[in-house]
Amino acid sequence: MRPATRIFIKQRFTDYYNKTRISPPSSVKEREFGFIFFDDKYPDDIRMRRHIGFSSGDEMQEYIKSLVPAHVYYSTAYYQTPQAPTMGDKEWLGADLIFDLDADHIMRGSYEEMLQRIKDETEKLLGILDDELGIDMKTVKLVFSGGRGYHIHVQELGFRDFGAPERREIVDYICGIGMSPPILLQEWGPFRTGWHDRFRSLLIRYLTELDAKPKKEGKAELSSLRGVGQVMAERFIGMIPELITLLTTNPSSILLRDQTVKTVFAALATERESALLPYIREAAVQADEPVTTDIRRLIRLPGSLHAKSGFKVVALDVKELADFEPLIDAVAFGEREVLIESEREYSFSLLGSQFTIPKGRLKVPEAVGVFLCCRGMAEIGGESGGAS
């Protein structure tokens with residue numbers, strides 16, 4: 001990034017922070033803050049300054065307004081002394097339960113496609129929190145990260161004292177990690193929801209498709225799993241029609257003590273090469289597990305700007321998600337023209353319009369210029385591109 005481009009972005013951020021009142025997180029006095037600034041080597045050499053605390057929202061606001069950071073974070077944890085220089089001295093008091101959904105972990109594609117995909121995944125997670133885990137949705141705060149995803153903050157007091165192991169159990173359930181086919185099938189009932197029914201349904205789909213394959217191919221697929229030999233694979237394939245019938249009518253009646261069924265089901269649910277795993281991932285939520293288990297995590301502050309996109313970090317009510325359009329609603333800047341220089345051609349959607357950026361210099365709306373410069377897709381292009 002050229003120095004002029006870095007200065008341009010910082011000037012735009014300055015303008016934003018001069019005009020914007022940012023709501024502090026709850027219990028702001030107990031939160032640790034971290035910042036990344038537009039240092040001379042930004043973004044090639046990024047250094048976070050953390051262990052910062054504020055006595056009030058006004059103090060936080062003035063700090064951000066005067067120093068104009070590129071990225072702003074605060075702790076999901078509550079501390080007695082958040083500004084203490086070491087984690088041990090902060091005295092941990094608890095932490096919100098956090099889920100991080102990032103399209104980078106799920107797919108590759110255009111930015112627009114990735115944002116839509118992660119929005120779908122977020123809706124799926126919210127449904128599980130509400131319908132299966134019984135979380136009070138009034139305590140759930142939803143945040144668009146300003147990048148490629150969403151953060152879900154559960155501020156229900158009952159979770160605040162949970163350590164990493166308890167949070168691991170929750171995120172494992174959501175991600176479908178470590179499932180036990182015998183337990184899910186034996187405990188199945190006509191009114192069971194959640195993974196009991198999801199696993200039954202995806203297993204029926206998988207076995208139906210496996211049964212339709214040439215016998216030699218199905219046998220090779222199963223025998224590639226650890227612990228499943230050629231003989232066991234062949235016997236299991238012969239059992240598939242009966243298994244599908246039992247899964248459809250009464251899964252708990254499947255003879256799970258049968259060594260072939262027991263071994264193959266276990267391998268399908270856990271082995272990395274298992275062809276069943278894509279079905280499980282599709283039914284699960286692909287959350288970033290380490291974020292949930294980290295009880296001292298720093299996370300983006302709603303209302304701040306994300307310097308890799310120029311977008312706002314937007315807090316949403318859960319009911320607002322369906323109508324939220326990041327490429328419109330998270331755009332912080334306007335239509336004043338700026339001159340940029342692009343080394344490649346790009347095509348993308350922003351503010352409800354489709355933009356095609358040719359190679360070379362051209363004038364674009366400020367919102368487009370900030371977006372391209374923050375993402376490293378263009379440089380500010382001359383005197384008329386400088387910020388006022």
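This is a short talk on the pockets, the salt bridges and a few local details of one protein chain.

Okay, a quick reminder before I start: what you have on the screen is a predicted model.

Let's go to the pockets. The largest one holds about 820 Å³ of space. What lines it? There are 42 lining residues, and if you want to find the middle, look for His-71, Arg-148, Arg-300, His-306 and Lys-308, which lie nearest the centre. By class, the lining splits into 17 nonpolar, eleven polar and 14 charged residues.

Which elements supply at least two residues each to that lining? On the strand side we have E3 at 71-75, E6 at 97-102, E8 at 149-154, E9 at 298-300 and E13 at 337-342. Helix H15, residues 366-374, is on that list too. Keep E13 and H15 in mind, as both names come back later.

Now let me zoom in on His-71, one of the residues nearest the centre of the largest pocket. His-71 sits in strand E3. Buried or exposed, then? His-71 has a relative accessible area of 2%, and the cut-off for buried is under 20%, so His-71 is buried. Its side chain makes a polar contact with the side chain of Tyr-42, at 3.2 Å. If we leave aside residues up to four places away in sequence, His-71 touches Gly-34, Phe-35, Ile-36 and Tyr-42, among others. From further along the chain, its contacts include Arg-300, Leu-305, His-306, Ala-307 and Lys-308. You'll recognise Arg-300, His-306 and Lys-308 from the centre of the largest pocket.

On to the second largest pocket, with a volume of about 370 Å³. This one is lined by 20 residues, and Ser-23, Pro-24, Pro-25, Pro-302 and Ala-315 lie nearest its centre. Strands E7 (140-144) and E12 (314-316) are the elements that give two or more residues to its lining. Which element gives the most? That's E7, with three residues. By class, we get eleven nonpolar, five polar and four charged residues here.

Right, salt bridges. How many are there in the model? The count comes to 27, and I'll just walk you through a few.

Start with Arg-2 and Glu-341, whose side chains meet at 3.2 Å, N to O. Arg-2 is in the segment before helix H1 (3-19), while Glu-341 is in strand E13, so this pair ties together parts that are 339 residues apart in sequence. Both partners are partly exposed: Arg-2 has a relative accessible area of 36%, and Glu-341 has 24%.

The next pair is a local one. Asp-172 and Arg-168 form a salt bridge at 2.9 Å, N to O. Why can these two side chains meet? They are four residues apart in helix H6, residues 164-175, which puts them about one helical turn from each other. In general, an α-helix has 3.6 residues a turn, so residues three or four places apart point the same way. As for accessibility, Asp-172 counts as buried at 18%, whereas Arg-168 is partly exposed at 29%.

Then there's Lys-213 with Glu-221, where the closest N and O atoms are 2.6 Å apart. Lys-213 is partly exposed, at 30% relative accessible area, and Glu-221 is buried, at 16%.

We also have a network of salt bridges, which links Arg-12, Asp-15, Lys-19, Arg-336 and Glu-366.

Glu-366 brings us back to H15, where it is one of the buried residues. How enclosed is this helix? Nine of the nine residues of H15 are buried, so the rest of the structure largely encloses it. Besides Glu-366, the buried set includes Ala-367, Val-368, Gly-369, Val-370 and Phe-371, and Leu-372, Cys-373 and Cys-374 belong to it as well. After the helix comes Gly-376, with a positive phi near 70°.

One last stop, over at Ser-180. You'll find Ser-180 in the loop between H6 and helix H7 (181-186), and it is partly exposed, with a relative accessible area of 26%. Have a look at Phe-265 alongside: the two residues are 85 apart along the chain, and their C-alpha atoms are separated by 8.9 Å.

That's my tour, thanks everyone.

How values were computed:
Residues numbered from 1 in each chain as written. Predicted model: local features only at pLDDT ≥ 70, side-chain atom pairs only at ≥ 80, totals over all residues. Heavy atoms only, no water. 1 Å grid on protein atoms, 1.4 Å probe; cavity = no way out; pocket = protein on both sides within 12 Å on 5 of 7 lines; lining within 4 Å. Points joined across faces, edges and corners; volume = space filled by probe spheres on them. Nonpolar A, V, L, I, M, F, W, Y, C, P; charged D, E, K, R; others polar. Buried < 20%, exposed > 50% of the residue type's maximum accessible area, 1.4 Å probe, protein only. Polar contact = N/O pair within 3.5 Å; in protein donor to acceptor, adjacent residues only side chain to side chain. Contact = heavy atoms within 4.5 Å. Salt bridge = Lys/Arg side-chain N within 4 Å of Asp/Glu carboxyl O.
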